[in-house]
Amino acid sequence: MPSRWIYRSKTSFDRAEEFAEELGVSPLVVDILYARGLTGLADMDRFLSPGLRHLPEPEAIPGLDQAARVLAREIAAGKTPAVWGDYDVDGVTASALMLDFFAHSAASRPCAICPGAARRATASTWRAWRNWPARGPECW
């Protein structure tokens, strides 16, 4: 069955052609972004090209500075870090990044726990948490 796209508004962005050329997309994409409230070229670019250049400054992330200090202190004390990741795309990705970081740092080999698939997450999460001390010396 064919789909029919219907605009919320018949108003099209008067600079759609210009923005489309700059962003490397079709004017239709620019019109859609404009209808969603993205009115500037920079906002549209940020939406279309998420990446490191658009991350906030680390100081803007609440608690990050304190977490970094705790991590540095515990690694310096020779403790083994533990990486706990949930079993979804961002949890597995974040866990992999942390394990890679620790593999290239002065930290000892970290404990890694990633509970099972979502249908078992609750039971496996509690089992893994209960068994955390058995995973290795001074896992924190």
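Two residues are said to meet, or to be in contact, when heavy atoms of theirs lie within 4.5 Å. With that in hand, here are some notes on this predicted model.

1. Let's start with the overall plan. The protein has six helices and two strands, and from one end of the sequence to the other they follow the pattern α-α-α-α-β-α-β-α. Of the 140 residues in the protein, 21% are buried. If you take the contacts with a separation of 6 or more, 50% of them join residues 24 or more positions apart.

2. Next, have a look at helix α1 (residues 16-23) and α2. Their axes are 8 Å apart and the two helices pack at an angle of about 110°. Angles of 65 to 115 degrees count as roughly perpendicular, and α1 and α2 are therefore roughly perpendicular to each other. On the α1 side the contact is made by Ala16, Glu17, Phe19, Ala20 and Leu23, while α2 brings Pro27, Val30 and Asp31. Sorted by type, the residues of this contact of α1 with α2 are six nonpolar, no polar and two charged.

3. Helix α2 (residues 27-35) also has a contact with helix α3 (residues 41-48): the axes come within 11 Å and cross at roughly 105°. That crossing makes α2 roughly perpendicular to α3. Here Val29, Val30, Leu33 and Tyr34 of α2 meet Met44, Phe47 and Leu48 of α3. The residues of the contact of α2 with α3 divide into seven nonpolar, no polar and no charged. If you are following along in the viewer, Val30 is worth picking out, since Val30 is listed in the contact of α2 with α1 and also in that of α2 with α3.

4. Moving along the chain, helix α4 (residues 64-76) has 13 residues. From its first C-alpha to its last, α4 reaches 18 Å, close to the 18 Å expected at 1.5 Å a residue. After α4 comes Gly78, and the phi of Gly78 is positive, near 85°.

5. Finally, a closer look at one residue, Ser95, in helix α5 (residues 89-103). Is Ser95 buried or exposed? Ser95 has a relative accessible area of 10%; buried means under 20%, so Ser95 is buried. What does its side chain reach? The side chain of Ser95 comes to 2.8 Å from the backbone oxygen of Gly91. Beyond its neighbours within four places in sequence, Ser95 is in contact with Val83, Trp84 and Gly85.

Methods: Residues are numbered from 1 along each chain as its sequence is written. This is a predicted model: local features need pLDDT of at least 70, side-chain atom pairs count only at pLDDT 80 or more; totals for chains, interfaces and linings use all residues. Side-chain values use heavy atoms; hydrogens and water are left out. Helices (H or I, at least four residues) and strands (E, at least two) are DSSP runs, numbered from the N terminus. Buried means under 20% relative accessible area, exposed over 50%, partly exposed in between (1.4 Å probe, protein chains only). A polar contact is a pair of N or O atoms within 3.5 Å; within protein, one must be able to donate a hydrogen and the other to accept it, and residues adjacent in sequence count only if both atoms are side-chain atoms. Axes are lines fitted to C-alpha atoms, for helices over the stretch in contact, and angles run from 0 to 180 degrees between N-to-C directions. Angles under 35 degrees count as roughly parallel, over 145 as roughly antiparallel, 65 to 115 as roughly perpendicular and the rest as oblique. Ala, Val, Leu, Ile, Met, Phe, Trp, Tyr, Cys and Pro count as nonpolar, Asp, Glu, Lys and Arg as charged, and the others, Gly among them, as polar. The expected span of a helix is 1.5 Å times one less than its number of residues.
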